[in-house]
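Q: I'm new to reading structures, and I'd like a close look at one part of this one. Could you walk me through a pair of packed helices and then show me what lies around them?

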Amino acid sequence: MSFFKCYKSVNLVANHFFFTMDTKESTLQKSSLMNILWDIQKKRRYISHDDMTKISKVFNISRMELEGVISFYHFYHRKHAGKYTIYLNNSIVSKHKDFDRVKKSFETEIGVKTGHVTKDELFGLFETSCIGLSDQETSALINFKAFTNLTPEKVKILILKLRQGESLESLSDFPENNIQYTPEENKTVFFKPYKQGDALKKIIGIEPDGVIDLVKASKLSGRGGAFFPTGLKWEFCRDNKADQKYIICNADEGEPGTFKDRVLMNILPGLLIEGMAIAGYAVGATEGTIYLRAEYFYLKDKLEKTIKEFLKKGLLGENILGIEGFNFNLNIYMGAGAYVCGEETALIASMEGKRGEPTTKEYFPVEKGYLGKPTVVNNVETLCAVPRILEMGVDKYLAIGTKATPGTKLMSVSGDCNKPGIYEIEWGMKLKDFLDLIEAKDPHFILYNGFSGECLSSHDFDREISGENLLAEHIQFQINDPIEYARKMSAVGLRSGGAFMVFDKTRDLLPILQNITDFFVAESCGICVPCRTGNFLLNRKLHKIKLCNADKNDLDEIKEWSNIIKQSSRCGLGKTSTNCLLTAMLKFPEEFNKCLLAESDINKAFNLEKAVDDYDKIIHEIETTYE
Amino acid sequence: MNNLVNIKIDGHNYQVEAGKNLVDAAKENGIYIPTLCHFHNQEHALGTCRICTVVVNGKTTTSCTTKVNEGIEVEINTPELIDTRKAIIEMLFAEGNHFCPSCEKSGNCDLQNLAYDMNITVTRFPHVYSKKVVDFNSDRMIMESNRCILCKRCVEDIKTDEGKDVFSFVKRGINTRVQIDYEEEAKLSQSEAMHAMDLCPVGAILVKGMIYNEPFGDRKYDLVGKDKEAKPKERFVKKDANNKFIVATTSLAGCFGCHMSLLDIDTDIVDVLEIVEFNKSPLTDIKKFSKRCDVGLIEGGCANSENVEVLKEFRKKCDILIAFGECAIMGGIPAMRNFVPLKECLEEAYINGLTSEIGANVIPNHEDIPKLLNKVYPCNEIVKIDYYIPGCPPDANHIWKVVKNILLNEDYSITHEEFKYD
């Protein structure tokens with residue numbers, strides 16, 4: 001059974017499940033597990049005990065294994081999540097906009113606190129990590145429809161209308177694309193006119209190896225932020241002989257502050273599909289999957305429609321463009337709310353119907369990936385770049401950008417600037433020019449590359465956005481002096497994964513850093529202790545500093561602990577989780593020293609009055625209850 | 001062994017079998033890399049505990065997931081890496097609720113043994129004290145999540161004949177825990193169940209009725225530890241020794257067991273008294289400090305407002321503070337109340353308890369009675385503590401050795417047998 005057919009049959013099974021609640025003894029492939037969970041979650045609004053019994057039987061797994069999968073993902077519920085399930089984005093840009101008031105408004109209007117469901121099971125209100133709408137905060141998802149630029153007043157009307165029975169579709173705001181800038185016409189790579197199939201036709205007459213050579217020559221590297229050379233990855237996959245190979249598009253754009261892939265998929269879904277087909281052709285894979293984060297459910301229809309168009313036009317399917325043996329089919333797999341699934345091995349585990357835990361990299365996906373077969377996992381932007389490179393020709397592409405990083409880069413801009421949105425810029429632009437372009441107001445610090453990126457200050461404004469003269473990471477984190485840092489790093493390029501959050505002088509750094517540790521505590525998969533508990537402990541330390549109870553030793557401990565987390569975490573999530581904190585401490589020491597206490601043998605954070613407060617209250621209560 | 005490769009470990013050259021896992025390759029050459037999640041006959045390394053963290057060709061990684069190949073250069077025992085490993089163990093102690101004195105697996109516990117090996121007397125991290133699930137529901141097994149380090153051994157290795165999982169990770173992040181599938185667990189044979197308990201490196205998986213097999217002294221690591229010695233510590237600057245050293249002691253929220261242990265040195269107390277004079281202490285019944293002290297010995301953690309006052313007073317009046325015994329170091333048995341709301345504790349003790357007078361409904365409170373704190377705090381979360389002597393109680397010789405050596409500025413070495421948490 002082909003993967004595509006399998007997917008269809010899964011939907012049938014899910015319906016079968018739902019309407020007849022019949023037990024089926026045959027064993028299903030686990031790779032269809034999450035689709036079934038989604039169907040049940042969407043229809044019933046939670047996954048019941050009976051559902052679990054049936055699912056575990058059909059998939060021949062233990063109940064607890066299933067429980068483990070369900071409880072791993074944020075968007076699956078074991079209790080009723082409300083007919084309208086509201087997920088309010090609690091990441092920092094949202095908080096800086098109107099989060100607190102919007103949250104309060106939701107709570108007042110529906111009558112329950114966040115994390116709860118109304119008694120009539122009409123509304124459920126939950127917080128969630130960044131939903132990829134940072135340029136139009138405060139935003140929320142209701143039943144995975146987007147609601148942007150929320151205000152307390154808007155919320156009031158919205159809830160009223162929903163109570164009156166208006167349809168969610170008519171009320172939701174389809175997210176704006178907000179493309180603010182593209183380079184001059186002959187230097188634009190992504191956002192220019194597009195015609196289905198143009199790029200794909202370019203491969204006629206080129207052998208798969210030739211395609212890989214072209215991609216290698218273009219120096220294209222992983223645009224999700226890891227920058228692994230794409231051509232090389234494809235070559236590895238091509239060289240691993242197997243009866244089946246897979247192309248996976250990583251559309252789990254979970255890095256807070258990033259939303260470029262949303263816009264790409266919204267405007268140019270065809271470009272992505274062509275990119276995947278070309279990748280399939282190059283490595284010899286006939287199946288492709290777009291792993292789409294659940295937060296982008298509203299893009300699914302469009303992607304599916306485009307896939308159908310492609311099938312109709314013979315741009316997908318069997319013998320594409322008449323090329324003998326060029327077969328490629330595509331489907332969409334929905335994530336369910338786990339940042340860590342952006343890590344490629346966790347993503348594959350998720351597609352296999354498991355908990356989204358990263359592997360130990362005993363094998364890379366190009367060796368043993370999805371279902372144990374060689375698999376290429378590429379970011380949306382990477383896959384979209386490929387057809388454009390074929391269209392315009394490598395030479396023309398190489399003429400744009402810098403030597404190490406030719407072409408253009410998509411930047412997702414949010415925070416304190418006049419023009420948040422998407423920027424397609426030529427690699428090599430100076431950071432200060434970019435800040436002018438986005439009309440940043442009095443920029444003070446920048447979260448560059450999201451929460452796992454780094455913190456930039458005015459010391460970095462003269463650096464350029466590119467992959468030139470990069471320094472090894474461990475050298476970068478060895479520098480302890482801001483002046484030395486500025487000197488050493490001035491010529492080092494700022495390689496960008498795409499997230500750009502800018503903050504002005506009125507913003508306090510500590511709450512931002514706490515928001516980051518909160519995020520990693522919520523999103524850690526929990527498999528290794530440094531990441532699982534380390535970030536939790538760091539969050540407490542930051543809290544101590546914020547309350548002005550800390551001394552110099554606490555700062556030393558933060559540095560020491562951050563480095564331990566960095567050194568010993570199991571995957572990239574933990575290894576990068578303290579980057580922002582470490583760079584912020586280096587560049588903004590004054591923010592940490594603001595209210596440090598003199599070193600003391602007595603811990604000032606311990607407050608005796610607070611510690612006995614509970615006791616006083618209980619004694620009072622008990623005396624009145626038992627009188 | 002025809003396919004040998006040359007590798008370098010901490011500057012020395014070795015020849016090992018190609019493709020072998022670094023933990024095993026190092027072991028064959030007499031180099032020990034500590035591990036918790038790694039176990040024998042394992043097909044795939046789990047890489048979950050992170051304790052075997054080493055540097056391979058300049059990059060930190062774990063040894064259990066590294067396969068040796070020609071020319072790799074490995075650093076294992078650099079001061080930084082030793083400290084990182086220690087920190088990971090300490091973080092496990094801070095994250096879980098590890099009460100060694102009341103743990104069935106004590107003495108047979110891999111985590112505890114590694115902590116002995118690394119000379120851990122206290123964790124550098126504040127205790128999280130989160131409430132965890134203790135699951136007695138299975139007919140045969142107990143899952144004690146307080147002790148679980150989430151190594152994933154049981155999840156990976158214990159399956160039914162049909163290949164179904166018996167143990168599974170549920171939830172994620174800081175809430176991740178291992179849950180038993182009761183139905184599948186019932187299908188295991190008794191020996192498979194015992195295997196699960198033995199496989200668990202800590203005391204998280206217990207088979208009911210099969211727990212205390214070996215008496216104290218014969219447990220796995222009691223025996224292993226017999227010939228081990230702890231490394232000497234750095235020197236401490238002492239004062240000139242014409243006068244006797246002044247020592248003060250106190251028992252906060254403890255059971256006085258540590259003070260009892262103090263007296264267990266029998267006639268050696270005569271030697272002690274030659275160099276030491278006691279000031280404020282239950283031993284002398286001196287209630288108030290009459291002079292500044294060289295050393296203060298603290299038993300017990302802080303459970304009420306008076307404990308806090310006394311501890312702060314000790315900090316002010318003593319040059320060196322030593323926390324001795326589990327309770328002073330991590331709260332100990334009294335800290336088990338940290339997972340129950342204070343109100344419930346008080347009601348259970350004074351109103352609903354079996355021994356409380358029916359209808360009295362009184363919780364003792366008066367301005368002269370100290371107030372209970374919201375939880376029990378380890379001493380080092382309130383004041384700075386200079387040294388720690390673990391044990392429940394610590395061995396008498398151990399306590400005096402530490403005190404004497406600190407005072408006399410001598411290197412001290414504690415035998416593994418004396419160095420105990422339980």
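A: Here is a walk through one helix pair, followed by the chain contact and a sheet.

Keep in mind as you look that this is a predicted model. Start in chain A with helix α21, residues 509-523, and helix α22, residues 529-546. These two pack with their axes 9 Å apart, at an angle of about 160°. An angle over 145 degrees counts as roughly antiparallel, and α21(A) and α22(A) are therefore roughly antiparallel to each other. If you turn the model to look at how they pass, you will find that α21(A) makes a left-handed crossing with α22(A).

Now look at the residues where the two helices touch. From α21(A) come A:L510, A:L513, A:Q514, A:T517, A:D518, A:F520 and A:V521. Facing them in α22(A) are A:N535, A:F536, A:L538, A:N539, A:L542, A:H543, A:I545 and A:K546. Sorted by class, the residues of this contact are 8 nonpolar, 5 polar and 2 charged.

The pair also takes part in something beyond its own chain. Where chain A and chain B touch, 46 residues come from chain A and 51 residues from chain B. On the chain A side, α21 and α22 are among the helices that each supply at least two residues, together with α4 (63-72), α23 (552-568), α27 (608-611) and α28 (613-625). Of these, α22(A) gives the largest share of that side, with 8 residues. The side of chain A that touches chain B has 23 nonpolar, 11 polar and 12 charged residues.

To finish, let your eye move to a sheet elsewhere in chain A. Strands of a sheet pair through backbone hydrogen bonds, either parallel or antiparallel. Here 4 strands form an open sheet in the order β9-β8-β7-β10, and the pairing is parallel. At its edges are β9 (329-334) and β10 (375-379) of chain A, each of which pairs on one side only. From one strand to the next, the twist averages 20°. Inside the sheet, β7 (residues 246-251) and β8 (residues 287-292) of chain A are joined in the parallel sense over 6 bridges. You can find one matched position by eye: A:I247 stands opposite A:G288 in β8(A).

So, back to your helices: α21(A) and α22(A) are roughly antiparallel and therefore a good pair on which to practise reading directions.

Methods
Residues are numbered from 1 along each chain as its sequence is written. Chains are lettered from A and ligands numbered from 1 in the order in which they are written. This is a predicted model: local features need pLDDT of at least 70, side-chain atom pairs count only at pLDDT 80 or more; totals for chains, interfaces and linings use all residues. Axes are lines fitted to C-alpha atoms, for helices over the stretch in contact, and angles run from 0 to 180 degrees between N-to-C directions. Angles under 35 degrees count as roughly parallel, over 145 as roughly antiparallel, 65 to 115 as roughly perpendicular and the rest as oblique. A crossing is left-handed if the near helix is turned anticlockwise from the far one by less than a right angle, and right-handed if clockwise. Two residues are in contact if their C-beta atoms, placed from the backbone, lie within 7 Å. Ala, Val, Leu, Ile, Met, Phe, Trp, Tyr, Cys and Pro count as nonpolar, Asp, Glu, Lys and Arg as charged, and the others, Gly among them, as polar. Two strands pair if DSSP finds at least two bridges between them.
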